[in-house]
Amino acid sequence: DQDNQTALQRHTLAAKQGNVEAQYKQEALPQKDVVVDQDNQTALQRHTLAAKQGNVEAQYKQEALPQKDVVVDQDNQTALQRHTLAAKQGNVEAQYKLGIIYQKGEGAPLNNRAAEKWYVLAAEQGHVYAQYNLGWMYDSGGRGFAQSLATAFKWYGLSAQQGHPPAQVRMALAFQHGRGVSQDYQAAVKWYSLAAEQGDTDAQYNLGYMYANGFGVSQDYIRGYMWWSIAAQSGAKDNLDGKDEISKSMTPSQFEKAQELARECVAKDYKDC
């Protein structure tokens, strides 16, 4: 059935007979060459009908409707209830958003225990940002939440393994300073390198520091200066005194080599530098 209009009619008929998926999927029909309900209010009504019958995605996505020319529930309490309903049915994004709501105290009273609960549920489903936020909460502590560097390391690790640069930097810092894990400079260099390859400025700066001082790698002013130069180009403005300091100990040929390597690295999008 390639006819969108026929498909729409079929979905509509099923929807009117109480088919939850049909009610929700009306909106998912291809949009090319056919106008399929451009009225946000109608879309909201359809989401609401499906949501009331237990469709988790509809419950959650009510909030995601376009906001132009239509008011889609600006009441924080109602939004909280909708997130909670979807989260209890296993919706990972709703669980993550509840974590943010309770952690920041925006839309609900600040409650770190509630934030932890919902972050954990999302993190156990592999949500990379929930894993990172849990790591940050345990790393920082405060507001009635006990600090646990070992638990922070666990959650940072899960997020970092999925390629999240801030989590990779946190793993590197943990290994560099022995926070929640035994000090290991080589492991720190590994995690800094992974984040630096993705353009993380903090990782690029810290990798330069490791090379310049010989932590976890052989001391290499050329590589150190290269990464500090790249960090500066990426927007780092602070703590670059070391770059100028080691340049005083470099020969003109080393200085030129470092600049050449920096240009090549940027051209390669920071890969294999």
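A salt bridge here is a side-chain nitrogen of Lys or Arg within 4 Å of a carboxyl oxygen of Asp or Glu. Lys248 and Glu245 make one, with their closest N and O atoms 3.7 Å apart. The model is a predicted one, so local features need pLDDT of at least 70 and side-chain atom pairs count only at pLDDT 80 or more, while totals for chains, interfaces and linings use all residues. Residues are numbered from 1 along each chain as its sequence is written, and side-chain values use heavy atoms, leaving out hydrogens and water.

Back to the charges. Searching the whole structure turns up five salt bridges. In the Lys248 pair, Lys248 itself is exposed at 64% relative accessible area, whereas Glu245 comes out as partly exposed at 47%; the labels run as buried for under 20% relative accessible area, exposed for over 50%, and partly exposed in between, using a 1.4 Å probe and protein chains only.

Another bridge joins Glu116 to Arg113, where the closest N and O atoms sit 2.9 Å apart. These two residues are three apart in helix α7 (residues 112-123), which puts about one helical turn between them. Helices, for the record, are DSSP runs of H or I with at least four residues, strands are runs of E with at least two, and both are numbered from the N terminus. Glu116 is buried, at 15% relative accessibility, but its partner Arg113 is partly exposed at 47%.

Lys271 and Asp269 also meet through their side chains, at 3.8 Å from N to O. Both ends of this bridge have some access: Lys271 is partly exposed at 35%, and Asp269 is partly exposed at 47%. Elsewhere, Asp139, Arg170 and Arg179 are joined into one network by salt bridges that share partners.

Now for the rings. Nine aromatic pairs come out of a search of the whole structure; rings of Phe, Tyr and Trp (its six-membered ring) pair if their centres lie within 6.5 Å, and the planes count as stacked under 30 degrees apart, edge-to-face over 60 and tilted for the rest. Tyr96 and Tyr119 make a tilted pair, at 6.1 Å centre to centre with 40° between the planes. Tyr96 lies in helix α6 (residues 92-104) and Tyr119 in helix α7, so this pair ties together parts that are 23 residues apart in sequence. Tyr119 is buried, its relative accessible area being 0%, and Tyr96 is buried too, at 15%. Ring pairs link these two tyrosines with Tyr129 into a cluster.

A further tilted pair is formed by Tyr209 and Phe215, with 5.9 Å between centres and 45° between planes. Here Tyr209 is partly exposed at 31%, and Phe215 is partly exposed at 25%.

Last comes Asp200, found in the loop between α11 (185-196) and α12 (201-213). Asp200 is buried, at 15% relative accessibility. Its side chain reaches the backbone nitrogen of Ala203 at 3.0 Å and that of Asp202 at 3.1 Å. Such polar contacts are pairs of N or O atoms within 3.5 Å; within protein, one must be able to donate a hydrogen and the other to accept it, and residues adjacent in sequence count only if both atoms are side-chain atoms. Leaving aside residues up to four places away in sequence, Asp200 touches Pro165, Pro166, Val169 and Ala195, a contact being heavy atoms within 4.5 Å. Of these partners, Pro166 is 34 residues from Asp200 in sequence and 7.7 Å away in space, C-alpha to C-alpha.
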